[in-house]
Amino acid sequence: MAWYSKYLSIYEKPFSEVPDEVVVSIRSRLAAMQSEEPLVSIVVIAHDEGKRLAACLWSLSEMKTSCTVEILGVNNNSKDNTEDVYKALGIRYFNETRQSPGFARQCGLDNSRGKYHFFIDADTFYPPLYVDTMMRTLTKPGVSCVGGFWSYYPDANHSAFGLWLFEFIRDTFLYVQHFKRPELCVRGMTFAFNANFARRERIRTDIRRGEDGSLALSLKKYGRIAFVYDRKARPVTGYGTLGGGSLLDSLYYRARVQLKGVGRIFFKQERYEDSEDNLIRQ
């Protein structure tokens, strides 16, 4: 049985259907974890995640860590009951009405206190040793931030073998790419960094996607971008990042995009141009 199976029992279900004993258990464990002097800030951003947020927080509540932590939430202009879930589970949260991952993540950074900061996505489950496994690399001399790989859970439309093959091909490409362009391999759902460095920079709020990689790029001046390949630091997420269609469709689309000028991944780049459709006009 997969470590995240019990979280799937409430994933994609209305919060009103989460058993009371589960709600009480999550709330009490989260409260016990909170520190007034955290070394690590674990910040969950959520936009209309009322059916997924409780499962994410359940996984975080069962984390085993030697670090002092705070767990914060950011409700990013949700139109559903996301804020109610934060309240019911006792998480200190902030409302960010300007909608975009950049605004949400900057709000989390502005209100966090830890020396180290973990981006957390509300539609994702995190394994119990996630924080400590990432911290072993993040606290090494010369490292400013760390990223990692992630998996999807099998369901009726996505077989375990199909997912394994898809992830193997994707991970191989990211592994090759990370030598020269590690910032392009960073994903917000599995990204942690030295917050003291990040507070000297700004998370971009003028783009729809890529605020995570952009921050990683800006942190390179303080130390290298490292990657953690240990499965103990491998979260499991939903299918939002895959879009519609089959795994084969998704793989074909990504291969077509990445193979255009694939030679670029063997050369460093310090600046990127944004496509017009990724810009948010403010």
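Student: Hey, how many cavities of 30 Å³ or more does the count come to here?
Tutor: One cavity of 30 Å³ or more, by the rule used. Keep in mind that this is a predicted model.

Student: Okay, and what volume does the largest cavity have?
Tutor: About 30 Å³ for the largest cavity.

Student: Which residues line the largest cavity?
Tutor: I10, K13, F15 and V18 do, along with G50, K51, R52, A54 and A55.

Student: And how does that lining split by class?
Tutor: Five of the residues lining the largest cavity are nonpolar, three are charged and one is polar.

Student: Switching to helices. How do the axes of α2 and α3 cross?
Tutor: Helix α2 covers residues 20-33 and helix α3 covers residues 53-61; their axes come within 9 Å and cross at roughly 50°. That angle is why α2 counts as oblique to α3.

Student: Left-handed or right-handed, that crossing?
Tutor: Left-handed, for α2 and α3.

Student: Which residues in α2 and α3 meet?
Tutor: From α2 you get V22, I26, R29, L30 and M33, and from α3 there are A54, L57, W58, L60 and S61. In this contact of α2 with α3, eight residues are nonpolar, one is polar and one is charged.

Student: New topic: pockets. How much space lies in the second largest pocket?
Tutor: About 360 Å³. It is lined by 16 residues, and S151, Y152, E167, R231 and R234 are the closest to the centre of that pocket.

Student: Which elements each supply at least two residues of that lining?
Tutor: Strand β7 (151-152) and helix α7 (160-177) each do that for the second largest pocket.

Student: And where does the largest share of the lining come from?
Tutor: From α7, with six residues.

Student: Last one: how many of the residues in that lining are charged?
Tutor: Five are charged in the lining of the second largest pocket, next to 10 nonpolar residues and one polar residue.

Technical notes: Residues numbered from 1 in each chain as written. Predicted model: local features only at pLDDT ≥ 70, side-chain atom pairs only at ≥ 80, totals over all residues. Heavy atoms only, no water. 1 Å grid on protein atoms, 1.4 Å probe; cavity = no way out; pocket = protein on both sides within 12 Å on 5 of 7 lines; lining within 4 Å. Points joined across faces, edges and corners; volume = space filled by probe spheres on them. Nonpolar A, V, L, I, M, F, W, Y, C, P; charged D, E, K, R; others polar. Axes fitted to C-alpha atoms, helices over the stretch in contact; angles between N-to-C directions. Helix = DSSP H or I, 4+ residues; strand = E, 2+ residues; numbered from the N terminus. Parallel < 35°, antiparallel > 145°, perpendicular 65-115°, else oblique. Left-handed = near helix turned anticlockwise from the far one by under 90°. Contact = heavy atoms within 4.5 Å.
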